[in-house]
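Visitor: Could you walk me through this structure? I'd like to start with the overall picture and then go into details.

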Amino acid sequence: MIDVINLKKSFGSHDVLNGIDITINKGDIVVVIGPSGSGKSTFLRCLNCMEDPTGGQIIFNDVDIADPHVDINVHRRHMGMVFQHFNLFNNKTVLENIMLAPEYVRCKEAKKLKTGKSKKQIHEEVKNEAMELLKRIGLESKADVYPSTLSGGQKQRVAIVRALAMNPDVILFDEPTSALDPEMVGEVLDLMKSVAAEGMTMIVVTHEMGFAREVANRVIFMDDGRILESGDPKEFFANPKTQRAREFLSKVL
């Protein structure tokens, strides 16, 4: 699904990514770990071109989305993103947050393809789907409230189903639990596990080693803007190949 070839990213004279090569297959659950400043989040943000790569290719569904001539917005519809700090729109209700993107895209496509569907029909379809997603996470009663009234765990679960509402091919998670109080981490990880169990392709930057062990089918260890190790989670945690990975695991486990 995604081929990353010699991906580089610099901010001025500071090289953050130093030639990343990786292939993500459909259904993969890839967890990216490593010390702070290793380039994990920058790598994730480059995958959907929230950060423009300095060099290299990102082949997503057979298109190099790192090419500046490509309309990245067309491809972002198929690549969901869940942020560390939720990034919900505070001036919109929970339901409106979930509905905003799919309703916009479907109205645009209906006009372009002349499907005959009215804005009202599309609105009702998207609203019903959004309510089903809220029921899934037990927050249907919060549909008409604003994000400021939710707990951190509730906000992040809403952010996850907002990503699901677009029916993406892959979802990117950028440290989805690091801004949460400890007692709220479990409810977010449980939702992520259920999404993974349904076959969603996921790339997750996280410090949750238990999630990496239990859910991932591949762990990537990054340091200094490079992938130092990539492999099976059980093998990685039991027998890391590099001294840097051994040092890292001795501190975090």
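Visitor: What share of the 253 residues of the chain counts as buried?

Guide: Of the 253 residues, 48% count as buried, where buried means under 20% relative accessible area, exposed over 50%, and partly exposed in between (1.4 Å probe, protein chains only). This is a predicted model, in which local features need pLDDT of at least 70 and side-chain atom pairs count only at pLDDT 80 or more, while totals for chains, interfaces and linings use all residues. Residues are numbered from 1 along each chain as its sequence is written, and side-chain values use heavy atoms, with hydrogens and water left out.

Visitor: Which radius of gyration does the chain have, and what would a compact globule have?

Guide: The chain has 19 Å, which agrees with the value near 18 Å for a compact globule of 253 residues; the radius is taken over C-alpha atoms, and the globule rule is 2.2 Å times the number of residues to the power 0.38. Along the principal axes, the C-alpha atoms fill a box of roughly 60 × 45 × 35 Å.

Visitor: How many helices and strands are there in the chain?

Guide: The chain has 9 helices and 10 strands, these being DSSP runs (H or I with at least four residues for helices, E with at least two for strands) numbered from the N terminus. Among the contacts with a separation of 6 or more, 67% come from residues 24 or more positions apart, a contact meaning heavy atoms within 4.5 Å.

Visitor: Let's take helix 5. How many of its 13 residues are buried?

Guide: In helix 5, 12 of the 13 residues are buried, so to speak mostly covered, including Gly-152, Gln-156, Arg-157, Ile-160 and Leu-164.

Visitor: And what covers the buried residues of helix 5?

Guide: The cover includes strand 6 (79-82), helix 3 (94-113), helix 4 (119-136), strand 7 (170-174) and helix 6 (182-197).

Visitor: What span should helix 5 have, and how far apart are its end C-alpha atoms?

Guide: At 1.5 Å a residue, helix 5 (residues 152-164) should span 18 Å, and its end C-alpha atoms are 19 Å apart, which agrees; the expected span is 1.5 Å times one less than the number of residues.

Visitor: What about helix 1, which of its residues are buried?

Guide: They are Lys-40, Thr-42, Phe-43, Leu-44, Cys-46 and Leu-47; because 6 of the 8 residues of helix 1 (residues 40-47) are buried, the helix is largely enclosed by the rest of the structure. Just after helix 1, Cys-49 takes a positive phi of about 60°.

Visitor: Where does Lys-114 lie, and is it buried or exposed?

Guide: Lys-114 is in the loop between helix 3 and helix 4, and it counts as exposed because its relative accessibility is 74%. Its phi is near 55°, a positive value in a residue other than glycine.

Visitor: Then Glu-175, buried or exposed?

Guide: Glu-175 counts as buried, because its relative accessibility is 14%. Its place is in the loop between strand 7 and helix 6, and its phi is positive, about 45°, although Glu-175 is not a glycine.

Visitor: Last one: which residues is Ala-216 in contact with, leaving aside its neighbours within four places in sequence?

Guide: Ala-216 is in contact with Ile-29, Val-31, Phe-211 and Pro-233. Ala-216 and Ile-29 are 187 residues apart in sequence, yet 4.8 Å apart in space, C-alpha to C-alpha. Ala-216 lies in the loop between helix 7 (209-215) and strand 9 (218-223), and it is buried, with a relative accessible area of 11%.
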